[in-house]
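Please keep the sequence and the coordinates side by side while reading, since the paragraphs below move from one charged residue to the wider fold and then back to charged pairs.

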Amino acid sequence: MKSITNKVMLTFFLLFSTLTVVNAQEVIKDSVVAVANPTAPSGKKLKIDGVVGTVGDYIILDSDIDKGFLEITASGGSAKDVTRCQILGKLLEDKLYAHQAVQDSIIVSDSEVKGQMDERLGYMLEQIGSMDKLIKYYQKDSEEEFRTYFFDVLKEQQLTKEMQKKIVEKVEITPEEVREFFKKIPTSDLPVFGAELEVAQIVIKPKITDEDKKKVIDKLNGFRKECLEGSSFATKAVLYSEDPGSSKNGGYYKMTRKTAFVKEFKDVAFSLAEGEISEPFETIFGYHIIYVEKIKGQEIELRHIIISPVVSQESLKEAKEKITLIRKKIEDKEITFAEAARTMSDEKETRANGGTLVNPKTQDTRFELTKMDPSIYSQVSNLKDNEISMPFLEDVQGKKDYKIMIVTNRIDSHTADYAKDYIKIKDLALKEKQFRAIGKWFDAKIKDTYIKIVDEYKDCPFTNNWVKK
């Protein structure tokens with residue numbers, strides 16, 4: 001994309017990752033302790049960890065800046081061109097968001113943070129190898145000290161996230177504002193959108209026999225009985241649950257009635273008393289049992305185990321034969337692809353639209369080639385106009401379906417067009433408006449927030465003036 005797209009997207013990214021504030025307050029003198037370094041030439045001072053900044057009730061240590069560099073490299077980024085001033089700017093941002101979240105009574109429960117911590121620790125341990133290495137990496141003296149530190153970091157991050165959400169959640173954009181945004185973009189700076197495709201699919205789901213279902217239900221009933229007799233539900237979830245998002249954490253989830261779980265799951269979860277284990281029940285994902293650990297008002301903490309019936313080879317064969325026949329009927333002009341999708345596809349989400357897929361990131365029907373899901377790209381990238389893919393078996397987390405796909409429209413790489421690219425332009429305009437809203441929020445809140453920065457950093461070239469000069 002050309003410069004306007006880069007500017008808007010970069011600005012929006014920086015807004016959520018590096019706080020930029022217009023005003024500032026006082027400078028702390030001598031907050032970082034220093035001693036003479038006998039090994040340094042000319043007796044230069046060796047800095048010892050100390051407070052380099054304060055935002056409300058939050059402090060920033062000099063070592064926090066060092067940890068910022070560690071986080072960049074740990075995530076695979078390069079810290080080559082990153083300065084200590086930039087890291088400090090990011091930390092100041094985080095503290096202001098978190099401070100104001102507390103002032104606004106935004107609640108982040110300890111149980112929610114604990115759930116996130118267990119999940120994140122599991123991933124980190126996979127990457128690093130052991131808790132000892134993790135403790136050493138973060139320069140802590142014990143696992144308890146590391147967990148306390150990491151808990152505080154995650155809680156602050158969640159407060160920041162909730163505060164950001166609150167600032168922009170009511171920002172809306174009108175068609176007239178989108179039009180004005182587009183008109184102000186110089187012709188030479190109009191964004192260039194990459195090649196896109198619109199695709200449709202027909203899905204045939206292999207039939208699952210009653211016998212297959214009974215095997216799973218019996219297994220879950222066995223787990224339930226053992227847990228009621230004293231076995232660990234969490235251990236069962238780790239060993240047997242097919243949910244990759246929770247099995248490593250013993251099937252743990254925290255939820256309210258507004259949490260994005262399917263209705264059947266929520267209905268069962270909120271019907272249980274604390275300590276109760278559900279009977280096996282079915283959702284579109286498979287068969288579950290739920291154990292409710294705690295109930296706190298409208299929030300519950302639970303663990304669950306999910307198992308999906310194993311599809312028989314006979315059912316797979318029947319599904320493949322059925323979709324192969326559908327493909328032949330379309331090629332023989334007996335029926336159109338869209339008509340076949342509406343009348344024969346087993347996928348409810350796309351059936352009404354003639355099989356047309358909706359991009360989950362943009363909520364329109366276009367998929368940019370360079371950003372397309374690899375599973376879709378591999379099937380449609382080489383298709384010619386009106387060519388139908390050969391039937392293929394898709395296996396997602398053990399759920400097997402047969403599919404055929406077709407490209408219904410191709411949009412070549414092009415300079416932004418208001419009519420054709422309205423949704424993308426609207427998204428850019430909305431992000432710019434959100435940016436302005438957060439800027440105004442900064443202007444207002446910084447005046448009411450106690451902020452200090454040590455003398456050593458007062459000349460940092462912050463994007464905005466944290467230190468009033």
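A salt bridge is taken here as a side-chain nitrogen of Lys or Arg within 4 Å of a carboxyl oxygen of Asp or Glu, and a residue is called buried when its relative accessible area is under 20%, exposed when it is over 50%, and partly exposed in between (1.4 Å probe, protein chains only). For charge, Lys and Arg count as positive and Asp and Glu as negative, while His and the chain ends are not counted. The model is predicted, so that local features need pLDDT of at least 70 and side-chain atom pairs count only at pLDDT 80 or more, whereas totals for chains, interfaces and linings use all residues. Residues are numbered from 1 along each chain as its sequence is written, and side-chain values use heavy atoms, with hydrogens and water left out.

With these terms in place, consider Lys140, which sits in the loop between helix H5 (131-137) and helix H6 (143-168); helices (H or I, at least four residues) and strands (E, at least two) are DSSP runs, numbered from the N terminus. Lys140 is buried yet has no salt bridge, and the nearest side chain of opposite charge, that of Glu145, is 4.3 Å away. Leaving aside residues up to four places away in sequence, Lys140 touches Lys67, Ile135, Glu145, Phe146 and Tyr149, where contact means heavy atoms within 4.5 Å.

Phe146 leads on to the nonpolar interior, for it is among the residues with the most contacts inside the largest nonpolar core, a set of 46 residues, and Ile65, Leu88 and Trp466 are also listed there. Such a core is a set of buried Ala, Val, Leu, Ile, Met, Phe, Trp, Tyr and Cys residues joined through side-chain atoms within 4.5 Å. The elements that give two or more residues to this core include H2, H3, H5, H6 and H15, as well as strand S4 (51-55). Apart from it lies another core, of 17 residues, which includes Val311 and Ile388.

Strand S4 also has a partner, since four bridges join S4 to strand S5 (residues 58-61) in an antiparallel arrangement, and two strands pair if DSSP finds at least two bridges between them. Val51 stands opposite Leu61 in S5, and the two strands form a hairpin with two residues between them, in whose turn Gly56 has a positive phi of about 60°.

Unlike Lys140, which has no salt bridge, many charged side chains can be followed to a partner, as the structure holds 30 salt bridges. One of them joins the side chains of Asp66 and Arg84 (2.8 Å, N to O). Asp66 lies in helix H2 (residues 62-74) and Arg84 in helix H3 (residues 84-103), so this pair ties together parts that are 18 residues apart in sequence. Asp66 is partly exposed, at a relative accessible area of 37%, and Arg84 is partly exposed at 27%.

Further along the chain, the side chains of Arg366 and Asp421 meet in a salt bridge (3.0 Å, N to O). This pair links distant parts of the chain, 55 residues apart, with Arg366 in the loop between helix H13 (348-351) and strand S12 (367-368) and Asp421 in the loop between strand S15 (414-415) and helix H15 (422-447). Arg366 and Asp421 are both buried, and they belong to a network of salt bridges that also links Glu196 and Lys424.
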